[in-house]
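Subject: Structure handover

Hello,

Here is the structure I promised to pass on. Please open it first, then read the notes below.

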Amino acid sequence: MNILRSNLVVAVPYIAKSGISDGRSLRARRETSDEVLGRRRITPPKAPSFSRNRSRKRSAAAYPPQVPIQSRNNRMKTFVVSLIAILILAGETNASRGATPPAGRLMAGTAKVEITPEPHTAVNIAGIPLEPRDSLYARVLVLRNGDTSVAIVSLDLIVFASRKVVDEAKAKFGVDQVILSATHTHAGMNPRGLLIKPPAQPDWTRLPRAPADVIDWPALSADPWYAATEAKVVEAIGRATKSMFLARIVSGKGTFESAYMAHNRRLVKNGLASPFWENPDRRPTSPIDPTIGVVRIEDLSGKPRALAVQYACHPVATMGAGSVSRDFPGGMVDYVEEQLGPDCLALYLQGAQGDLDPYDLHNLRGENRFNIPKQAGISLGKRALNISADLKTKPESARATIDVAESLLTIPNRNGSGTTDVGLLTVVVDKNLALTAIPGEPFIQHQLDLTQLSPLPNTFILGVAYSGRGSPFVVYIPTEQAVREGGYGATECSFLAADAGAKIVVESAKKIQELTKAESPEKKP
């Protein structure tokens, strides 16, 4: 609108002086409009003058046809309306081409790119070949206000932590911050450098130190599929920045009571934990968090353009089924996009799923290995749409602010052998929504604790989410109590000090408070 405003300042005074309402010929008026639009410079012809002393006996050609006053006024209105429409279109076109957005206005852009490996080349993290079934995608949402921009990328992978993508997105497209959020499906593609093949190769997820100490993460680009995926994600971020539109945002949350998920997969008896991978009888477990977080992006006409859904649960139902699968997050995004139309991008944002599983896992057989996760995703999508339907955007959300804060915590390793840098990114939008990206798998109690400490009503952890600083991936982040109880995810596949999760939560809450300049409510008992 700044472009429109500046053009009208020039155009409207000219319209007033250019004699649009006189009886000049259509050609003369077109030549004048050409001058307004800058096509060529022509001196507007003067209207004929009449003198009482001059003879009235002149040829008919000397008198241009007189246009009725009403007709002349209509033509003037048509010309002005057309000119304004042209200027508005020019402003929108400049915005869509990535021009500097209007000051203080929220802009958004989306893109999606397929990252499916070539047929019969896919392997899971254990190196087991996967047959083609689902297409895998990277989904991009870019938000910008003024000089601050954030790209949120949801990928159908178990983990994706590429410093190259973060750096190139900033260098090529000026995106300040990038969050690479994996859905954490256990049936997606994995680069050769991340495979777990004991005893031939050490299981890097179970070592007493950071995976980055034993895995050369930049060298993962030596895998052709991984290098191509990095390039595709950067290109998709670029497309999103070049197709940005003036936007409004609204966020909220609701409870998800489902027949499909989720339960706590740690069964604690007499102070000791044992695996509880599946729960076909739907036995109550704790802690869990049945909350769905929803973030909706609209254009100024009110049309949904993006719907991000945050939920915490391991997508493991299709693990071991032998096929490439997006698991339940794939069913969720497909359903949402079917309901909201092709112009709306759906994203699944994984939460603090460290100790949560779907009810059904090894008990599924045949096509149910795929049908049940799909139905779970549809169920999640339906509830997210119900929550979204109750959310109303406010006009002032078109000026939603974006504030970000980076943190780098140096946390001791649990066995005393050194330290690990853990990078966090906190994003606050419109002083109402807070997202904290954590490059690991936090236990769900951390989400519950952060919700209580945060001054914002909609505060969500993004697990398995890398933002460019610190260790690319720190595996599980249990609670101190879980470490005392032992078991998978607590004393297995976990190497940070027992209080690492508590430190991350406190730091995240601190950054949210700083960005909102608000006091934290007292933690409830």
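Start with one side-chain pair. Glu 298 and Thr 393 are joined through their side chains by a polar contact of 3.1 Å. Please keep in mind that this is a predicted model.

Glu 298 sits in strand 9, which covers residues 291-299. Is Glu 298 buried or exposed? Its relative accessibility is 6%, so Glu 298 counts as buried, the cut-off being under 20%. Setting aside neighbours within four places in sequence, Glu 298 is in contact with Phe 245, Leu 246, Ala 247 and Arg 248. Lys 303, Pro 304, Arg 305 and Thr 393 complete that list. Take Leu 246: 52 residues separate it from Glu 298 in sequence, yet their C-alpha atoms are 8.6 Å apart in space.

Next, Gln 310. This residue belongs to strand 10, residues 304-311. Gln 310 has a relative accessibility of 6% and therefore counts as buried. Its side chain makes a polar contact of 3.4 Å with the side chain of Gln 447. Beyond neighbours within four places in sequence, Gln 310 is in contact with Thr 291, Ile 292 and Gly 293. Leu 349, Gly 351 and Gln 447 are also in contact with Gln 310. So are Phe 460, Ile 461 and Leu 462.

Now strand 4, residues 177-182. How many of its residues are buried? The count is 6 of 6, and the strand is mostly covered. Gln 177, Ile 179 and Ser 181 point one way. Val 178, Leu 180 and Ala 182 point the other way, and both sets are buried.

Strand 4 has two pairings to look at. Strand 3 runs parallel to strand 4, and 6 bridges join them. There, Ala 151 stands opposite Val 178 of strand 4. Strand 18, residues 465-466, pairs with strand 4 in the antiparallel sense, over 2 bridges. In that pairing, Leu 180 has Tyr 466 of strand 18 as its bridge partner. Add helix 4 to the picture: strand 3, helix 4 and strand 4 form a right-handed β-α-β unit.

Helix 5 is worth a look too. The helix covers residues 224-242, which is 19 residues. At 1.5 Å a residue they should span 27 Å, and the end C-alpha atoms are 27 Å apart, so the two values agree. At the start of helix 5, a side-chain oxygen of Asp 223 comes to within 2.9 Å of the backbone nitrogen of Trp 225.

Which residues of helix 5 are buried? They are Trp 225, Tyr 226, Thr 229, Glu 230, Val 233, Val 234, Ala 236, Ile 237, Gly 238, Ala 240 and Thr 241. The elements that cover them include strand 1 (106-114), strand 2 (137-145) and strand 3 (148-155). Helix 4 (163-173) and strand 4 are also among the cover.

Last, the chain as a whole. The secondary structure comes to 10 helices and 19 strands. Of the 525 residues, 52% count as buried. Among contacts with a separation of 6 or more, 76% are between residues 24 or more positions apart. The chain exposes about 23,900 Å², and carbon and sulfur atoms supply 53% of that area.

Best wishes

Definitions and conventions:
Residues numbered from 1 in each chain as written. Predicted model: local features only at pLDDT ≥ 70, side-chain atom pairs only at ≥ 80, totals over all residues. Heavy atoms only, no water. Helix = DSSP H or I, 4+ residues; strand = E, 2+ residues; numbered from the N terminus. Expected span 1.5 Å × (residues − 1). Buried < 20%, exposed > 50% of the residue type's maximum accessible area, 1.4 Å probe, protein only. Contact = heavy atoms within 4.5 Å. Polar contact = N/O pair within 3.5 Å; in protein donor to acceptor, adjacent residues only side chain to side chain. Pairing = 2+ DSSP bridges. Right-handed = clockwise from strand over helix to strand, strands pointing away. Areas by Shrake-Rupley, 256 points an atom, 1.4 Å probe, with all protein chains shown as cover.
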